[in-house]
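Notebook open, coffee poured. I wanted to go through this model element by element and jot down what turned up.

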Amino acid sequence: MPTKAITPAVLAVPRRNLGELALRVRVSGVLAFLLIIGAIFSLRSSQFLTPQNLGVIASNAAILAVVAAAQAVVLITRNVDVSVGSMMGFSAYLTCDFAARHQNAGAELILMALAIGLFLGTVNGWLVAYGRVSSLIATLATMSLYRGFTYLYAHGQEVTSNRLPRWMLRSVDLRIAGVPMLVVICVLVVLVAAVFLRHYPLGRRIYAVGSNPVASLFYGLRPHRIILLAYALSGLLCGFAGLLYAARIGTVTVVLASGWEMSSLAAAVIGGVSVAGGSGTVIGAALGALVLACVDNGLVLLGLPEFWRMFIQGSSIVAAAAVDVFIGFGLRKSLQGRRLGRSAG
Amino acid sequence: MVDRVEPTPALRIVGVSKSYGASRALSEVTFDIRRGAVHALVGENGAGKSTLVKIITGIVPADAGQVFLGSQAVHFATPMEARAGGIAAVYQDPKLFAHLDVAENIFLGNYPTSRLGTVDRRRMYTQASAALGQLGLELDPHSLVAGLSVAELQFVEIARALSAELQLLILDEPTSALTPAESERLFRIVRTLRDRGKSILLITHRLEEVESMADDLTVLRDGRHVATRPAREVDRAALVQMMVGRPVETLFGRSQSTTAGNEVLRVEDLGVEGTFAGITFSLRAREIVGMAGLVGAGRTEIAQTVFGITPPTRGRVFLNGQPVVPRSPRQMLKLGVAYLPEDRDGQGLIMADSIVNNVTLPIVGRLARMGVLNGSGERRVATQAAATYDVKAISVEQLVMSLSGGNRQKVAFAKWLATTPVALLLDEPTHGIDIGSKAQVHRIIRQLADQGLAVLLISSDLPEVLAMSDRILVIAEGRLVAEIPREEATQEKVMMAATQGAGTSRACRPKP
């Protein structure tokens, strides 16, 4: 490549549009929202800001943050995974049932949960990427299937906490410098996922495929494989999250983590992950989980009815989706618009 | 044997042919692109330029013939392989990732990585700045692609192309969305690349760009190679002659001019911000008015605005002398304006439904008795319509998607005519249908006009426009640039008007 530089022709004036601006400030928006609701709750309730309560909020947010990260990875590819709760339940039940039969089982339990999650996620990914089933339909189907298999396997039984290995239950209650072990583990997992998405070529390609699938073909990427990998990663994270959740609540029933598809989606969308693909971060999704946990906690402290939790969750999704539409509009304008002469301009 | 040593051309195209089904897109095209030259590829809409580019860059395979890069025969299977081989194309709608920044868009397929396998961002941004700097661009590699102008998007694509060992850069109508200043910037970059020994294949509709930029030019017409010449040997008139020079097809048989009736539709100074402006014309009963222009000139947008799909931001529309503000297709249909979209299968018909349901869809309200549809009544209307327009089908219950293109178009006609309109807007009504059906469609259009309808015929098929129209409106870059009565209309005249728009109408416009 020749190195001779030519004189700058015309200075390119950076012309940012609102879409770009909104994309950039999204995570700070979630942080601001978090601070605002935190401020409101702490003014209304003296208990909100106590270290003990903050620990409770963090513990409640932690596992959801991991699942929201899993959901985010899939959303970034322009797909959705509504089977996250079923994957958690499936891997948690099988792993804990195994643990109940083999009292001296150790770290292999973690590997087992991860392997089950990875397998279930790969099935999802295969259906969506190669089976060409729309992601909503495919994962709705596997949501039922995975949950159904759990029922079949459990045969009406549940795994109670006294049958689980001691170390498993105790490990999540440990505290490191006052911070619950559970929170530490989940923060680490989210950070690893964040580094993967932000700093590894494969992570960047996940964004690229979601941002513009057609262009990704022109760039020589293999979008199908990348989508499969995103689902596999989502399954892996959910398998792990299922085990953590089982350890946290102690009693493993067949309905463990049902309904998490909704809260993980809410957390991811509130955290600035676009359902239109291509944008958002797992850190944002984790912050979204923290927002939901704060709202839950604050409303309990203030003694407000369940309605308000639903209301805030619903309206923040609508607000986040509106921002999405706004950003999408800006993007379309800049990438496809103005193909004709700007005659009226 | 040769007394003059010719260097190997950068690219040789030898006997390349390509058919899509029955239609032949390219037949035995042969020409060379010299090293270090800007080579213009010109031709009318549908002449085969895009197909040729797709073959060179490996998007579609050729049926026959070969492409040589240097002295090597190449068969690229994907655009990536072509890029690795040194051929890159920049399209008028750049294929980039809006959510990612400029540097990532340049390096996505091929990131610089650190020892840990992570993306080496610092190196990436430095290299991106260097690549952009070489092109004389002061573009921040950190800015998101979402915030760039169309020109800047193309510059990013070019920067990306240069990050590989580039031999040939293909620019597919690069200036169609650029302002004059942006175009000038682009061409400065093109000249720099040429002076460094790269070859550039420039596809353009703007003849003044051919004059100012090209060293050589190649003309394609109807998928055939017409000529490859040094650009300075060809003047504009000769070029237009080569582009349209086929004998006017007698297939349509110039239809008799009937005396036009009263004015049915008149638009005055119609405009949609950013799309077209200052459009004034009228349609009279029993008249076919052709609307010619290049693809993307704004013809479809004008028709859709009159039909109420995109409300106008300025100007007025009169129907039978009464002012109307087009707000929705529902309203315009009620007032008697019907529109046959260009994307017939996507916008004009419900493919997975029967002929009868398609035909009666716009008038189900009228056919229903007390809100209940009467199946035999529906079938009667549809059967009659199918007979009138000679739709070839086993029964009116047959699904539209099982019909041929020509028969689908007839169903689309039947559907809108069931609404008994007074003005009919046809957008490329014969696009993609076979010759036999084409003649039938022409006959239908003529009949309808004779029955008293006012018809606006948008078509990129010049012989068709010339043969069918009583008057021809020429649109270029969102403006009405000429109105030619049928006696004076020739292909050259229409082409000249359609391709001249750029320089004249833009120069006086203020920069954005």
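**Entry: H11 of chain A.** I began by listing the buried residues in H11(A): A:Trp260, A:Glu261, A:Ser263, A:Ser264, A:Leu265, A:Ala266, A:Ala267, A:Ala268, A:Val269 and A:Ile270. The helix spans residues 260-270, and 10 of its 11 residues are buried, so I have it down as largely enclosed by the rest of the structure. Right after H11(A) I checked the backbone and found A:Gly272 with a positive phi of about 95°. Note to self: this is a predicted model, so every value here is computed from predicted coordinates.

**Entry: chain A as a whole.** I zoomed out next. Chain A has 13 helices and 2 strands. Of its 345 residues, 48% are buried. I also looked at contacts in chain A with a separation of 6 or more: residues 24 or more positions apart account for 80% of them.

**Entry: H2 against H12.** How do the axes of H2(A) and H12(A) cross? I got roughly 140°, with the axes of H2 (residues 51-76) and H12 (residues 282-302) of chain A coming within 7 Å. The two helices are therefore oblique to each other. I logged the crossing of H2(A) past H12(A) as right-handed.

Then I pulled the residues that meet there. From H2(A) they include A:Asn53, A:Val56, A:Ile57, A:Asn60, A:Ala61 and A:Leu64. Further along H2(A), the list includes A:Ala65, A:Ala68, A:Ala69 and A:Ala72. On the H12(A) side I noted, among them, A:Val282, A:Ala285, A:Ala286, A:Ala289, A:Leu292, A:Ala293 and A:Asp296. By type, the residues of this contact split into 17 nonpolar, 5 polar and 1 charged. Reminder for reading such lists: an α-helix has 3.6 residues a turn, so residues three or four places apart point the same way.

**Entry: A:Arg248.** I picked out A:Arg248, which sits in helix H10 (residues 223-249) of chain A. Is A:Arg248 buried or exposed? Somewhere in between: it has 16 C-beta neighbours inside 10 Å, so it counts as partly exposed. Ignoring neighbours within four places in sequence, I found A:Arg248 in contact with A:Ile63, A:Val172 and A:Leu182. For A:Leu182 I also wrote down the separation from A:Arg248: 66 residues in sequence, 8.4 Å in space, C-alpha to C-alpha.

**Entry: E17 of chain B.** Over to chain B. Strand E17 (residues 423-427) is mostly covered, with 5 of its 5 residues buried. I split E17(B) by face: B:Ala423, B:Leu425 and B:Asp427 are on one side, B:Leu424 and B:Leu426 on the other, and both faces are covered.

Which strands pair with E17(B)? One is E16 (residues 337-340) of chain B, parallel to E17(B) over 4 bridges. There I noted B:Ala338 bridging to B:Leu424. Another is E18 (residues 454-458) of chain B, also parallel, joined to E17(B) by 5 bridges. In that pairing, B:Leu426 has B:Leu457 as its bridge partner.

**Entry: sheet E2-E1-E4-E5.** I traced an open sheet of 4 strands in chain B with the order E2-E1-E4-E5 and antiparallel pairing. Its edge strands are E2 (23-33) and E5 (72-74), each pairing on one side only. Direction ignored, neighbouring strands of this sheet are turned by 30° against each other on average. I counted 5 bridges between E1 (residues 11-20) and E4 (residues 64-69) of chain B, which run antiparallel. One bridge I looked up puts B:Val14 with B:Gln66 in E4(B). Helix H1 (residues 49-56) of chain B packs on the sheet and touches E1, E2 and E4; its direction makes about 65° with that of E2(B).

**Entry: sheet E12-E11-E14-E15.** I found an open sheet of 4 strands, again antiparallel, ordered E12-E11-E14-E15 in chain B. The edges are E12 (276-284) and E15 (322-324), each pairing on one side only. The twist averages 20° from one strand to the next. E11 (residues 263-272) and E14 (residues 314-319) of chain B run antiparallel and are joined by 5 bridges. B:Val267 stands opposite B:Val317 in E14(B). Finally, I checked helix H9 (residues 299-306) of chain B, which lies across E11, E12 and E14 and runs at about 115° to E11(B).

Conventions:
Residues numbered from 1 in each chain as written. Chains lettered and ligands numbered in written order. Predicted model: local features only at pLDDT ≥ 70, side-chain atom pairs only at ≥ 80, totals over all residues. Axes fitted to C-alpha atoms, helices over the stretch in contact; angles between N-to-C directions. Parallel < 35°, antiparallel > 145°, perpendicular 65-115°, else oblique. Left-handed = near helix turned anticlockwise from the far one by under 90°. Contact = placed C-beta atoms within 7 Å. Nonpolar A, V, L, I, M, F, W, Y, C, P; charged D, E, K, R; others polar. Buried ≥ 20, exposed ≤ 12 C-beta atoms within 10 Å, placed from the backbone. Pairing = 2+ DSSP bridges.
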